[in-house]
Each structure stands twice: as C-alpha cells, then as structure tokens.
2 protein chains.
Amino acid sequence: MDDTKIRNMEEFSSVSGISRPTVSKYFNDPASVRPSTRLRIEDALRRYDFRPNIFAVNQNRKLTKTIGILVPYLADPFFAEIVRMIERLCIAAGYWPIVFSAHGEVELENNALSTLESLRPAGALIAPLGRTSDVDAVRRFTEAVPTVVFDSHVPVGRAFVGSNNFQSIPLMVEYLCRSGEPPCFFEMPPVNPNANKRREAYRQAMERQGFDPMVFKVEARGWDFERTGFEEGGRLIAERAFPTNTILCSNDRLAIGLLSAAYQKGFRVGRGEGCALRIAGHDDHPWSRFSCPPLTTVAQDYRSIAETSVQTLFRVIDGAEAAAEGPDRPEVLFDGKLIMRASA
Amino acid sequence: MDDTKIRNMEEFSSVSGISRPTVSKYFNDPASVRPSTRLRIEDALRRYDFRPNIFAVNQNRKLTKTIGILVPYLADPFFAEIVRMIERLCIAAGYWPIVFSAHGEVELENNALSTLESLRPAGALIAPLGRTSDVDAVRRFTEAVPTVVFDSHVPVGRAFVGSNNFQSIPLMVEYLCRSGEPPCFFEMPPVNPNANKRREAYRQAMERQGFDPMVFKVEARGWDFERTGFEEGGRLIAERAFPTNTILCSNDRLAIGLLSAAYQKGFRVGRGEGCALRIAGHDDHPWSRFSCPPLTTVAQDYRSIAETSVQTLFRVIDGAEAAAEGPDRPEVLFDGKLIMRASA
DNA sequence: ACGATAAATTTACGCGCGCAAAGTTACATG
DNA sequence: CATGTAACTTTGCGCGCGTAAATTTATCGT
C-alpha cells in the first residue's frame with residue numbers, strides 16, 4: 001500500500017495506467033470494462049485505495065445510488081427492526097441507504113423530506129407520521145422522488161406495503177371470543193393511520209361475532225406507548241372500567257405497559273385458572289416474547305414487508321412498475337399470524 | 001408561490017435581484033449580508049423555494065455541515081435513544097446528522113466508516129463495535145475526520161465520553177451486598193468493551209466488600225441479549241447454578257430476559273418476603289421500568305452523554321479543543337445513578 | 001454634503017467528475 | 001492475414017457552486 005495520497009480520478013488513472021473515462025466507467029460498473037483492464041484498475045486500487053468523490057459523482061449523475069429511508073420514530077422497536085432489514089437489503093443491492101427519523105414531529109419530518117429530496121436519491125422508502133403529517137409536503141416529495149410508502153397508509157407514492165389490519169385484528173378478536181370473554185379494545189394514541197384502522201377492524205369483527213364493540217381511548221401521549229399503557233391502562237384497571245376481563249391493545253408496546261400495571265396492581269394475567277385478566281397485543285415486537293407473561297399477539301411479517309417494499313422500489317426505479325401514482329397506486333398487504341403465548 | 005422551477009443559484013439570483021456571490025454568501029450565513037438584501041432574498045425564497053445543490057456546495061466547501069453518527073446496533077434501545085438525542089442536538093446547532101449502524105458486523109462498520117469518510121463530514125460521533133472492530137480502520141477514520149468516541153471505549157479519536165463503569169457497578173454491588181446476599185455477575189456476550197469493564201468493576205467491588213466474585217459467562221449470541229438472558233440465564237436458574245439468590249446482569253436487556261425466564265419457571269423475583277431471586281441490571285433502558293417486576297438498575301446519564309459528546313465535537317471542530325489524539329485524548333465519564341425498583 | 005467604510009457587483013477560475021465525440025488500439029472470427 | 005467490432009484513449013465541455021480580486025454602489029457619521 002503506497003501512502004502517496006491520490007487526490008482525484010485524474011491522478012488515479014495515471015498511476016493505474018488507464019485513462020480517466022475508462023476508470024470512470026469502471027466505477028459506475030466494474031463489469032463494463034474488459035477483464036484485463038479491470039484487473040489493472042483493481043490492482044492499483046489495492047495499492048492506492050482511492051474512492052471517487054461522492055459529491056462530484058452525484059452532482060453529475062442523473063441518478064444517484066442513494067436510497068432514503070424515513071420513519072416516524074426510530075426508537076420504536078418496530079421501526080428499528082424494519083429499518084435494519086431494509087438497510088441490509090439496500091446495501092446488498094449496491095445502494096446507499098440513508099436513514100432519517102421524524103422523532104414524532106411534523107417539522108422534523110418535513111426537514112427530513114426536504115434534506116432527502118436535495119440528496120436526489122434514486123428512491124425512497126417512507127413511513128410518514130400519517131395523521132399529523134403535512135400531507136402536501138409528503139405528496140410534493142413523492143412527486144419528485146420515486147417513493148414506496150410502508151406501514152403508514154397515506155395515499156401518496158408509487159406503492160404501499162403494510163400489514164392487513166382488517167385480517168389481523170379479526171383473527172385475534174375471533175380467537176379471544178371463542179376462548180373466553182369478548183375483548184374490549186384499548187386504543188393507542190392516534191399517531192398514525194394504523195390506530196384508526198385497527199379500531200375499525202375491531203368494531204367490525206366484534207359486530208360480526210354478535211358482540212358490542214367496547215373501545216377505550218385515552219389521552220394521547222405521543223410515542224411513549226408503554227407509559228400510556230401503564231398509567232392510563234393501569235388507571236382503567238384499578239377503576240374496573242373494562243367491562244370484560246379481556247383487553248386487546250392496539251399494539252404490543254401499549255400491552256407491555258398494561259401488563260406491567262396489572263402485575264404491580266396484583267392482577268394475574270393469563271388464560272389459566274386464577275387469572276383475572278387476559279391481555280393481547282399486536283405486532284409481535286422483538287421484546288414481546290419476554291414480557292411477563294409472554295404476550296399473545298399478532299405477528300406482523302417484518303421480513304416480507306421489508307423485502308416487498310425494497311423490491312417494489314427497485315422495480316419502480318427501473319421503470320418496470322406501472323405508472324400509477326397517488327391514491328390508485330398498487331397496495332400489498334400482508335396477513336398477520338396469531339402468536340399464542342401465555343397472556344391471553 | 002411561483003411554480004417556475006429554479007434550476008440553480010444563477011437563476012435564483014436573477015429573480016431575486018441580488019448577485020450570485022451575495023446569494024451564496026447569504027446561504028453560508030444569512031446574517032452576513034445587509035438586512036435589506038437579506039429581506040429581498042428571503043422574499044424571493046418565499047416565492048420560489050430554492051435550495052442550493054448539496055453536492056455542489058459540499059464539493060467546494062472545505063468543511064461540510066454534515067455530522068456522521070455511527071453506532072454498533074441501532075435496534076438496541078440504548079443506542080436508539082442516544083442517537084435520537086444526538087440527532088436533535090446536531091439539528092439545533094445547524095448541522096446535518098446522518099446515522100449509520102454497523103448492525104453488529106465488522107464489515108458493515110467498515111463500510112459505514114468508509115462511506116462516512118467520503119462524505120467529508122465536519123465531524124463524527126462514533127460508538128465502535130469495540131472488541132470485534134477493525135481497530136486500524138477505525139483509527140484511520142479518526143485521523144481523517146474529527147471524531148468523538150462515545151460509549152464504547154476504544155483508544156482513538158479526539159475525546160471519549162461514556163459512563164463510569166467503575167463507579168456504577170460498585171454502586172450497585174454495594175447496595176446489593178448491604179441489602180441481602182452478595183450478587184453473582186451474569187455477563188453479557190462481550191460485544192463491546194463495556195462488557196469487560198463491568199466484569200472487572202464487579203470483581204474489584206466484590207473483593208473490596210470481602211466477598212469472592214462469582215462470574216457467569218455464557219455463549220455469545222450477538223446482540224440478541226434478551227434471548228441470551230432468557231435461554232442461558234433460565235438454564236442456570238433451573239440448574240440452581242447461581243450460588244446466591246442475587247444476580248447482577250451486565251445490562252438491562254440481559255436482565256429482562258432473565259426476569260422473563262424466572263417468571264416462567266415460577267421463581268418470584270424481588271426483595272420482599274417469599275421472593276426467590278433478586279435481579280438487577282445496568283443502563284436503565286427505556287423499557288426497564290415496565291418489566292415485571294420493574295427492574296432495579298443503574299441509570300446511565302443519557303442526556304449528559306449525548307450533550308457532552310456533541311458539545312465536545314463542536315469544540316474540536318472549532319479548533320477550540322486541545323490537539324491530543326489517540327490514547328491520550330481527554331475522557332469524560334459520567335456517574336451512574338442507582339434506580340431502586342422492585343426487582344432487587 | 002462630504003469622505004470613509006461597509007457591502008454589493010462583475011468577472012473569472014477551480015473543484016472532481018459524467019459524458020459525448022472522434023480517433024486509435026485490441027481482440028475474435030473466418 | 002484481412003475484417004469487423006468492441007474497448008480504449010484523447011479531447012473537451014458542463015454541472016452548480018465557493019471564492020478571490022477588482023470595481024462600483026450604498027450607508028453612515030460629522
């Protein structure tokens with residue numbers, strides 16, 4: 001490894017013995033040059049380790065190799081996990097994923113979109129805040145950047161990939177009804193469209209089963225779901241406000257908070273003898289299997305959502321996807337899977 | 001809002017009536033131009049919404065406004081939370097944070113460092129993998145980019161900010177010793193330097209108290225700590241392998257897994273009558289207060305670590321920090337705070 | 001109203017690379 | 001060995017902006 005610094009492609013081309021345009025061609029696609037010259041370039045690369053200046057590259061290329069990823073709250077285990085998968089898939093496909101989090105705030109979401117757009121990415125995978133999003137800003141972004149929307153159902157972009165709340169919630173409702181008292185529904189703060197969809201799915205499922213829906217909505221507390229489940233849910237438990245012994249929470253984090261409250265108040269949770277409550281969740285967060293008792297929930301298909309989102313985006317980028325954009329774009333919904341554990 | 005697209009600063013300067021160099025000056029520092037011309041520019045900005053091309057800007061500026069953040073595993077709640085804070089502090093200071101995760105793998109860490117370096121960031125905040133890092137690669141990076149290392153104690157960069165394991169662990173050990181049986185130590189897979197430091201801190205603390213250290217090390221399982229705590233810890237509990245009823249886990253995630261195993265095996269955890277085990281953790285993860293029972297732990301000072309890291313980096317960037325680099329760089333360690341909850 | 005000074009303008013160059021056109025060389029085929 | 005084509009080289013322009021030098025204009029105090 002020679003330690004003379006290579007300042008630019010000009011210098012590198014001279015030490016490698018290959019002309020600059022050919023070197024440029026190599027960096028855009030190593031397979032596009034003759035094997036013998038490829039060897040000479042890669043030999044020089046080993047001796048001098050040079051990388052083209054990203055800024056100069058991206059300034060001149062029409063299409064960058066960047067892929068933007070935007071999530072509403074990266075500290076949420078669901079998004080942390082899905083981002084992890086998406087990033088790996090992008091890297092494997094030769095793209096540069098770059099992650100932004102809105103941290104639950106519209107201004108930060110708009111900032112991120114704006115920054116992202118100015119990076120001129122080849123495409124973007126976004127899960128908007130949803131209800132609190134500046135929808136016009138999001139739409140403007142999706143009109144400038146090929147975008148796949150995931151998880152948060154907002155009618156923009158070139159495709160939507162998410163989970164089928166109208167299958168997964170009824171699946172759980174039916175299970176709970178046939179195995180005990182019908183569930184009431186403990187709703188998460190409506191930070192995104194899933195909150196409303198799940199409540200509606202619950203309503204419909206209950207009516208189909210011939211029961212009256214019982215929905216409990218509490219003060220919004222942003223993304224601090226465990227706390228909401230613990231404090232508000234705990235209060236409802238203590239007040240005996242829930243009309244049945246079975247509580248379906250609109251997501252696992254809420255359920256984990258509620259589970260904690262039940263534990264501390266001495267209510268035994270589970271489906272066996274001597275249990276005062278059944279508590280179920282939704283999503284199968286990475287830590288749900290370690291709650292006490294382990295949480296019965298509906299698993300979202302993380303892997304499929306990540307893979308389909310990424311593959312769909314690649315097809316859009318390659319122009320292989322139909323042109324429909326906005327409300328009529330294609331949607332892919334994955335079914336949830338009942339995960340039977342001890343809590344319900 | 002006029003919808004004629006502005007293609008570059010040239011066009012924008014003509015519609016705003018201000019010359020391009022002055023416009024350029026404005027974008028580098030809005031306060032550097034006369035108030036009257038600033039008004040004219042911002043008026044045009046409202047009518048045309050133009051943003052300088054990032055790539056062109058960064059290609060020419062010696063110093064970009066980018067700040068790189070690298071963590072070993074973004075799906076870990078500790079890093080998710082600390083990144084959230086760091087990002088906000090960077091944005092507030094007018095920088096562009098950009099987050100990378102090594103996802104627990106050296107190759108991805110090296111990739112991230114390489115990508116990051118080619119972005120020519122103003123500075124970087126990194127928590128290397130540590131034990132498994134390619135230390136030479138990390139060092140090369142820190143020699144090219146002003147870097148503050150946090151959490152993961154690796155002797156490179158311009159400063160280290162972390163928590164003082166040799167204060168926090170003894171704090172917990174002393175509490176456990178004076179309130180019951182002396183603790184054994186359940187060690188996390190050695191994914192980073194904290195693992196070893198905490199074990200050593202435990203050893204020293206126990207000896208100072210006049211007890212024999214009892215360390216339990218299990219098969220490494222990467223970053224899936226809850227699972228390790230649940231499976232391996234559960235096995236140790238079932239085999240009655242722990243010589244005392246008190247177990248100090250080297251982090252909260254491990255403790256949460258162990259708590260879950262104890263629950264399922266019917267061992268009551270806590271410090272009251274009828275409890276078979278005491279379990280304590282370290283870090284005070286966001287979800288530790290919602291475990292069953294709530295976890296007694298040592299809180300890392302998230303806020304101070306984030307703020308000090310960022311502020312130190314800014315001082316290094318501004319050249320206000322001493323030049324020491326590598327092993328002799330300054331270190332700031334924050335004390336942990338005992339968080340008494342019900343598990344120990 | 002005047003000069004002093006600050007700020008804006010004009011002009012020009014450079015950053016590092018993508019890309020196109022024209023000419024040259026390498027390589028496979030018969 | 002002639003031939004065709006694929007790959008390479010040379011040359012040169014352009015991307016959008018930072019920045020410097022020289023010049024002109026605006027602003028302020030007296």
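Of the atoms of DNA strand D that lie within 4 Å of the protein in this predicted model, 65% belong to sugar or phosphate, with bases making up the rest. Around this strand there are 25 residues, of which A:S19, A:T22, A:N60, B:M9 and B:S24 come nearest; a residue is taken as near a molecule or strand if one of its heavy atoms lies within 4 Å of it. The model is a prediction, and local features were accepted at pLDDT of at least 70 and side-chain atom pairs at pLDDT 80 or more, while totals for chains, interfaces and linings use all residues. Residues are numbered from 1 along each chain as its sequence is written, chains are lettered from A and ligands numbered from 1 in the order in which they are written, and side-chain values use heavy atoms, without hydrogens and water.

Several individual approaches to DNA strand D can be picked out in chain A. A polar side-chain atom of A:S19 is placed 2.5 Å from a phosphate oxygen of the strand. The side chain of A:R20 reaches a base instead, with a polar atom 3.3 Å from a base oxygen of DNA strand D. For A:Q59, an N or O atom of the side chain lies 3.1 Å from a sugar or linking oxygen of DNA strand D.

Both protein chains contribute to this surface: α2 (20-28) and α4 (54-60) of chain A, and α2 (20-28) and α4 (54-60) of chain B, each supply at least two residues near DNA strand D. The helices are DSSP runs (H or I, at least four residues), numbered from the N terminus. With four residues, α4(B) gives the most to the surface near DNA strand D. Sorted by class, this surface holds eight nonpolar, 12 polar and five charged residues. In this scheme Ala, Val, Leu, Ile, Met, Phe, Trp, Tyr, Cys and Pro count as nonpolar, Asp, Glu, Lys and Arg as charged, and the others, Gly among them, as polar.

Turning to the other strand, DNA strand C is surrounded by 26 residues, and A:M9, A:S24, B:S19, B:T22 and B:N60 are the closest. Sugar or phosphate accounts for 66% of the atoms of DNA strand C within 4 Å of the protein, and bases for the rest. Backbone atoms take part here: an N or O atom of the A:M9 backbone lies 2.3 Å from a phosphate oxygen of DNA strand C, and one of the A:N53 backbone lies 3.0 Å from a phosphate oxygen of the strand. From chain B, a polar side-chain atom of B:T37 is 2.8 Å from a phosphate oxygen of DNA strand C. The elements giving two or more residues to the surface near DNA strand C are α2 and α4 of chain A together with α2 and α4 of chain B. Here α4(A) gives the most, with four residues. The residues near DNA strand C divide into eight nonpolar, 12 polar and six charged.

The two protein chains are themselves related by symmetry. Chain A superposes on chain B by a rotation of 180° with 0.0 Å of shift along its axis (RMSD 0.1 Å), the fit being by least squares on the C-alpha atoms of residues with pLDDT of at least 70 in both copies. This is the relation of a two-fold axis. Among the residues of chain A, A:F55 comes closest to the rotation axis, with its C-alpha at 2.2 Å.

Methods
A polar contact is a pair of N or O atoms within 3.5 Å; within protein, one must be able to donate a hydrogen and the other to accept it, and residues adjacent in sequence count only if both atoms are side-chain atoms.
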